[in-house]
Amino acid sequence: PTSPGSSGRRQPIATRLPAALSPVRLRSLQLASNRIGPVGARALAQALYACPTLTCLRLARNELGDEGARAFAAEIEKAARASVSTIVLTELSLASNGVGDDGACALAVALKCSGGHYRGAAASAPLRVTKLDLSANRLPGPAAGGVGHPL
């Protein structure tokens, strides 16, 4: 979904989420089937900083693909490098988004970084995701088999 931007061009609504979520104390956000796409995925990852009480984010069926998974992962990794510790997300669902090996690998690296394994990361890492749902994506059987289990 899009809305008119200040320049008259249509912009994904998800790009306005950081400002919209900052005064809200959400614990769970479910945005399944909203055509968020890669641009929205990056905006949502950025919005996590504005919503420090969010523990569960479900983005199933949002056409993220590898590009969206990589964009989300890039923001997570950026937070890890900056040692930002305001994000408490523990559950992330990206089910049915057309994510393949590239997107899944980017997420794995970013989540490992955010868990304090990144060189130089502070002891209090930005994310402690313990449940990642990548079911019904373009992943081989063995890779998808561990989905939903603690990381």
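**Exercise 1.** Which side chain meets that of Lys-78 in a salt bridge? Place the contact in its network.

*Solution.* The model is predicted, so local features need pLDDT of at least 70 and side-chain atom pairs count only at pLDDT 80 or more, while totals for chains, interfaces and linings use all residues. Residues are numbered from 1 along each chain as its sequence is written, and side-chain values use heavy atoms, with hydrogens and water left out.

Step 1. The partner of Lys-78 is Glu-75, at 3.3 Å from N to O. A salt bridge here is a side-chain nitrogen of Lys or Arg within 4 Å of a carboxyl oxygen of Asp or Glu.

Step 2. Both residues lie in helix H3, 3 residues apart, about one turn of the helix. Helices (H or I, at least four residues) and strands (E, at least two) are DSSP runs, numbered from the N terminus.

Step 3. Glu-75 also forms a salt bridge with Arg-42 (3.0 Å, N to O). Arg-42 is in helix H2 and Glu-75 in helix H3, so this pair ties together parts 33 residues apart in sequence.

Step 4. Arg-42, Glu-75 and Lys-78 are thus linked in a network of salt bridges.

**Exercise 2.** Assign buried, partly exposed or exposed to Glu-75, Arg-42 and Lys-78.

*Solution.* Step 1. Buried means under 20% relative accessible area, exposed over 50%, and partly exposed in between (1.4 Å probe, protein chains only).

Step 2. Glu-75, with 5%, is buried. Arg-42, with 34%, is partly exposed, and Lys-78 is partly exposed with 47%.

**Exercise 3.** Describe the salt bridge between Arg-138 and Asp-66.

*Solution.* Step 1. The closest N and O atoms are 3.1 Å apart.

Step 2. Arg-138 lies in the loop between E6 and helix H5 (141-145) and Asp-66 in helix H3, so the pair ties together parts that are 72 residues apart in sequence.

Step 3. Arg-138 is exposed, with a relative accessible area of 51%, whereas Asp-66 is buried, with 14%.

**Exercise 4.** What is the strand order of the open sheet of 4 strands, and which strands stand at its edges?

*Solution.* Step 1. The order is E3-E4-E5-E6, with parallel pairing. Two strands pair if DSSP finds at least two bridges between them.

Step 2. Strand E3 (28-30) and strand E6 (131-133) stand at the edges with a single partner strand each, so one side of each is left without a neighbour in the sheet.

Step 3. Strand E5 (residues 91-93) pairs with E6 over 3 bridges; the bridge partner of Glu-91 in E6 is Lys-131.
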